[in-house]
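Please load the model in your viewer and keep a selection command ready, since each stop on this tour begins with something to pick.

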Amino acid sequence: MGKYLASFKAYDVRGVVPEELNPEIAYAVGRAYADVIQPKTVCIGYDIRLSGPSLYEALARGLNDAGVDVVHLGMVGTEMVYFATANYGYDGGVMITASHNPPQYNGLKMVRSESRPISGDTGLFDIEERTHRYLNDPALTAQRAATPGKIIDRDVYDDFTAHLLNIVSPDSLSPLRVLADAGNGAAGLALQKLLPHLPLRVTERLFEPDGTFPNGVPNPILEESRAATMEAMHGYRGGEGGPAYDFGVAWDGDYDRCFFFDEQGDFIEGYYIVGLLAQAVLTATPGLSIVYDPRLTWNTEAIVSELGGKAVICKSGHAFIKEKMRAVDATYGGEMSAHHYFKDHWYCDSGMIPFLLIARLVSTSGRSLGDLVSEMISAYPCSGEVNSTVADVPTVLAKVQKLYAGECIGLNKLDGLTIEFPNWRFNLRGSNTEPVIRLNVETRGDAPLMKAKTEELLAIIRA
């Protein structure tokens with residue numbers, strides 16, 4: 001099925017406003033969503049971006065004209081749309097957000113009942129085709145439902161907070177000192193509802209929602225984005241010169257991802273957070289299935305095995321992870337990109353649940369966050385994801401495979417190219433949207449080998 005609109009991607013709709021996404025397109029998407037999904041009631045929320053309310057109004061009007069009732073959630077995070085859709089039994093949900101993109105962008109993340117994802121092969125391309133028809137056929141657009149849908153306003157913050165507290169009880173938390181950085185995104189609103197119920201001593205940073213992003217777009221996976229959080233943690237010390245915080249946490253704009261800093265203010269790679277969350281879940285309830293992506297794996301596999309869980313590998317991407325988790329009845333799924341999925345959250349990703357689980361793990365283990373991850377970092381040092389712009393991704397993948405396949409002990413193409421040797425492994429995969437190739441390298445306890453192999457591979461990739 002051909003692609004007609006630049007704003008339609010593999011998993012969502014996203015583009016520059018108003019050139020690639022505007023109220024006219026949002027209205028057409030509403031009509032198309034109604035045709036393809038056939039819902040009776042759909043909830044809609046939006047993050048702090050300035051274009052959110054106008055896109056909401058157009059999208060809601062399109063759904064109403066198709067006879068669909070719309071539940072207006074207001075300014076929320078993506079995981080609150082997932083929560084509302086599934087918890088209240090709505091037929092679908094739409095989150096208006098562009099996540100970590102610059103301010104001029106916005107987008108639509110769409111789900112069906114039970115917050116099941118809508119991606120290219122599960123309806124998104126059909127919605128795209130219908131959207132194109134509504135944009136180009138005035139006669140089709142003029143056809144309206146005999147009974148138009150209505151707008152229902154609903155504040156779900158209290159129910160969402162109760163949902164979080166049901167997953168992680170405040171009684172399991174100690175009065176830890178935490179620096180929480182909302183980055184002027186939507187997370188501040190949720191935290192203001194959640195924090196009064198917790199014993200944590202939280203220092204709030206950039207809790208004020210601001211769609212102009214005066215302090216930069218919150219995307220802590222980037223070094224330049226997390227630098228201010230690290231500086232804030234480094235800038236404070238306790239009464240005797242020790243760390244002022246037990247850990248730090250920062251969110252992206254729609255807070256479906258969160259990122260952690262140890263007590264020294266050092267950033268923790270998302271790979272090790274997957275291991276920590278698997279540890280947190282399995283310590284509480286052994287024997288469960290854990291889903292993880294193939295980019296970096298040895299640390300996660302070791303932790304899951306040690307705690308008696310079942311490790312299930314899955315291609316990265318939220319639609320694949322959610323489908324696999326349902327298939328194997330997994331309790332948790334994690335990607336090193338800081339997307340964390342939970343059965344208790346309808347297999348959807350959340351940025352608030354990891355925050356609570358890490359706080360619980362530090363509280364109950366009696367160990368610092370830095371201490372908990374230091375063993376993992378020593379046992380399985382990794383490069384982190386290193387991106388390279390290349391002329392042709394398939395050519396680079398073929399070249400690397402030819403050079404390394406001969407002496408390897410394992411090779412698979414579940415997600416890009418993964419090649420393993422006894423003491424080191426790497427994954428190399430292309431971007432879905434740009435001529436970029438992404439490299440991840442890890443070793444068994446050998447940091448110099450990891451650095452050498454990373455440099456060796458980058459020299460080949462960038463030649």
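Select glutamate 420, which at 22% relative accessibility counts as partly exposed (buried means under 20% relative accessible area, exposed over 50%, and partly exposed in between, with a 1.4 Å probe and protein chains only). Add arginine 425, which forms a salt bridge with glutamate 420, the closest N and O atoms being 3.1 Å apart; a salt bridge here is a side-chain nitrogen of Lys or Arg within 4 Å of a carboxyl oxygen of Asp or Glu. Arginine 425, at 1% relative accessibility, counts as buried. Now select Asp293, Arg295, Glu335 and Glu385, which salt bridges with shared partners join into one network.

This is a predicted model, in which local features need pLDDT of at least 70 and side-chain atom pairs count only at pLDDT 80 or more, while totals for chains, interfaces and linings use all residues. Residues are numbered from 1 along each chain as its sequence is written, and side-chain values use heavy atoms, with hydrogens and water left out.

**Further salt bridges**

A search of the whole structure finds 24 salt bridges. One of them joins aspartate 69 to lysine 150, with 3.0 Å between the closest N and O atoms. Aspartate 69 lies in strand S3 (residues 69–75) and lysine 150 in the loop between helix H5 (138–142) and strand S6 (151–153), so this pair ties together parts that are 81 residues apart in sequence; helices (H or I, at least four residues) and strands (E, at least two) are DSSP runs, numbered from the N terminus. Buried or partly exposed: which word fits lysine 150? Lysine 150 is partly exposed, with a relative accessible area of 48%, whereas aspartate 69, at 17%, counts as buried.

Move next to lysine 109, which forms a salt bridge with aspartate 254, the closest N and O atoms being 3.0 Å apart. Because lysine 109 lies in strand S5 (residues 105–112) and aspartate 254 in the loop between S9 and S10, the pair ties together parts that are 145 residues apart in sequence. Both lysine 109 and aspartate 254 are buried.

**Strand S4 and its partners**

With S5 still displayed, select strand S4 (residues 92–96), where 5 of the 5 residues are buried. Both faces of S4 are covered, with Gly92, Val94 and Ile96 on one side and Gly93 and Met95 on the other. In a regular strand the side chains alternate between the two faces of the sheet. S4 and S5 pair in the antiparallel sense over 5 bridges (two strands pair if DSSP finds at least two bridges between them), and the bridge partner of isoleucine 96 in S5 is leucine 108. Strand S2 (residues 41–46) runs parallel to S4 and is joined to S4 by 5 bridges, with isoleucine 44 standing opposite valine 94.

**The open sheet**

Which strands should be selected for the open sheet, and in what order do they stand? The 4 strands follow the order S8-S7-S9-S10, with mixed pairing. Strand S8 (201–205) and strand S10 (258–261) stand at the edges, each with a single partner strand, so one side of each is left without a neighbour in the sheet. Zoom in on strand S7 (residues 177–181), which runs parallel to S8 and is joined to S8 by 5 bridges; among the bridge partners, valine 178 goes with valine 202 and aspartate 181 with arginine 205.

**Helix H13**

Now select helix H13 (residues 369–379), in which Leu369, Gly370, Leu372, Val373 and Met376 are buried. These buried residues pack against strand S9 (247–251), S10, helix H9 (270–284), helix H10 (298–306) and helix H12 (352–365), where contact means heavy atoms within 4.5 Å.

**Two buried residues**

Serine 337, in the loop between strand S13 (332–334) and strand S14 (340–342), is buried with a relative accessible area of 16%. Leaving aside neighbours within four places in sequence, serine 337 is in contact with Ile221, Arg257, Phe259 and Arg295.

Finish at tyrosine 292 in strand S11 (residues 289–292), which at 5% relative accessibility counts as buried. Not counting residues up to four places away in sequence, tyrosine 292 touches Thr297, Thr300, Glu301, Ala311, Val312, Ile313, Cys314 and Gly334.
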